[in-house]
Amino acid sequence: MGKDQVASLIISVYDNTKYLKVVLDSLKHQTDKRFEIIVSEDAEHKHMKEFLANYQSPFPLYHLTQPDNGWNKNKALNQAAIFANTDYLIFIDGDCVLHPRFVEFHLKQACKKCIVAGKRIKLDKTSTEWLMQSEQNFMNFQKYLAKNYLRIRGRGALFMEEGFFFAPESIFGFIPKLRGMKHLKGCNMSFYKEALLAINGFDEDYIKPAVGEDADLNWRFQKVGYQLSSVRNLAVQYHLFHKESWINQDYNLELMRQKQAKNQYVCLNGIKKN
């Protein structure tokens, strides 16, 4: 790790190098460049290894893998958190392109007793294709979003309001201050490593997507005294379109309810195994 890195940006991936390239390209344009990159792959794909070996990153870039034994993202994230060379962890997914000031505001909001939390706009297919055409396009995506707002919404994009960046120094700088967070999104969150250690990391009992990678963390963090700090409309990210691989969350929700009933906020199957 270089002496200038103060954060570890952990990117969760499975097999989509096309999307990951655009995400990595967006990192080159960050206003705050004091971070290392850890690509946390829940698999061991040859094409992912080759892609990352050849990708020219201006930042320290590490690639962690594990056997592909079904959905074990939480295990991969625990591994990445422990591997991280810094004390501050920023989590995103490999299908979320970042606004140039994304890292800047995660670091500005960082504090010892808070969990920094943001959201994302879920793009439609056409907007995704336009954004991916060139680096210039995602640099100008705010203008594209404003100009084509009704078209994009009509094509099925979700959470449109989360796609707009409002600089604190602008006349609209009051807007982010009005928008708090009640829930945690695993694709847009950050905190000190010590916060994660306080709850023994991600709970590896969750072997299906969603809930275990964010909602479960939320209540557990609160139990040990951490509160959410919002970066909505500040740490903006654009979720690239793809078909969802899951729909029903009942299994994970029931598992979380059982753990809450036992007040098991320090998980048993996390970074340390009890």
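1. Buried here means under 20% relative accessible area. Alanine 210 has a relative accessible area of 9%, so this residue is buried. The model is a predicted one. Alanine 210 lies in the loop between α10 and α11. Its phi is near 75°, a positive value in a residue other than glycine. That deserves a second look in the viewer. Most residues other than glycine have a negative phi.

2. The loop between α10 and α11 also holds asparagine 200. Asparagine 200 is not a glycine, yet it has a positive phi of about 65°. Is asparagine 200 buried or exposed? With a relative accessible area of 6%, asparagine 200 is buried.

3. Next comes helix α11, residues 215-223. Its buried residues are Asp216, Leu217, Asn218, Trp219, Arg220 and Phe221. What do they pack against? The partners are the strands β6 (114-117), β8 (189-192) and β9 (227-230), together with the helices α10 and α12 (250-261). Just after α11 sits glycine 225, with a positive phi of about 95°.

4. Take asparagine 218 within that helix. Asparagine 218 belongs to α11. Its relative accessible area is 8%, so asparagine 218 is buried. Its side chain reaches the backbone oxygen of lysine 182 at 3.1 Å. Not counting residues up to four places away in sequence, asparagine 218 touches Lys182, His183, Leu184 and Leu228. Lysine 185 is 33 residues away from asparagine 218 in sequence, with a C-alpha to C-alpha distance of 9.1 Å.

5. Now the pairing of α11 with α12. Two packed helices are described by the angle between their axes and the distance between the axes. For α11 and α12 the angle is about 15° and the axes are 10 Å apart. Angles under 35 degrees count as roughly parallel. The two helices α11 and α12 are therefore roughly parallel to each other. Their crossing is right-handed. On the α11 side the contact is made by Ala215, Asp216 and Trp219; on the α12 side, by Met256, Lys259 and Gln260. By class, this contact has 3 nonpolar, 1 polar and 2 charged residues. Asp216 and Trp219 also appear among the buried residues of α11.

6. A second helix pair can be read the same way. Helix α1 covers residues 17-27 and helix α2 covers residues 46-54. Their axes come within 11 Å and cross at roughly 25°. So α1 and α2, too, are roughly parallel to each other. The crossing of α1 past α2 is right-handed. Which residues make the contact? From α1 come Thr17, Leu20, Lys21 and Leu24, and from α2 come His47, Met48, Phe51 and Leu52. The contact of α1 with α2 counts 5 nonpolar, 2 polar and 1 charged residues.

7. Helix α3 spans residues 73-83. Lys73, Asn74, Ala76, Leu77, Asn78, Ala80 and Ala81 are buried in this helix. What covers them? The cover includes the strands β1 (7-13), β2 (35-41), β3 (61-64) and β4 (88-93), and also helix α10 (193-198). Helix α10 appears as well among the elements that the buried residues of α11 pack against.

8. Glutamate 162 is a charged residue to check. Glutamate 162 sits in the loop between α8 (149-154) and α9 (175-178). Why does glutamate 162 count as buried? Its relative accessibility is 3%, and buried means under 20%. Its side chain makes polar contacts with two arginine side chains: arginine 179 at 3.2 Å and arginine 232 at 2.5 Å. Leaving aside neighbours within four places in sequence, glutamate 162 is in contact with Lys119, Arg120, Ile121, Arg179, Arg232, Asn233 and Val236.

9. Last, serine 127. Serine 127 is found in helix α5, residues 125-131. Its relative accessible area is 0%, so serine 127 is buried. Not counting residues up to four places away in sequence, serine 127 touches Phe141, Tyr144, Ile152 and Arg155. Of these, Ile152 falls within the range of α8 (149-154).

Notes:
Residues are numbered from 1 along each chain as its sequence is written. This is a predicted model: local features need pLDDT of at least 70, side-chain atom pairs count only at pLDDT 80 or more; totals for chains, interfaces and linings use all residues. Side-chain values use heavy atoms; hydrogens and water are left out. Axes are lines fitted to C-alpha atoms, for helices over the stretch in contact, and angles run from 0 to 180 degrees between N-to-C directions. Helices (H or I, at least four residues) and strands (E, at least two) are DSSP runs, numbered from the N terminus. Angles under 35 degrees count as roughly parallel, over 145 as roughly antiparallel, 65 to 115 as roughly perpendicular and the rest as oblique. A crossing is left-handed if the near helix is turned anticlockwise from the far one by less than a right angle, and right-handed if clockwise. Contact means heavy atoms within 4.5 Å. Ala, Val, Leu, Ile, Met, Phe, Trp, Tyr, Cys and Pro count as nonpolar, Asp, Glu, Lys and Arg as charged, and the others, Gly among them, as polar. Buried means under 20% relative accessible area, exposed over 50%, partly exposed in between (1.4 Å probe, protein chains only). A polar contact is a pair of N or O atoms within 3.5 Å; within protein, one must be able to donate a hydrogen and the other to accept it, and residues adjacent in sequence count only if both atoms are side-chain atoms.
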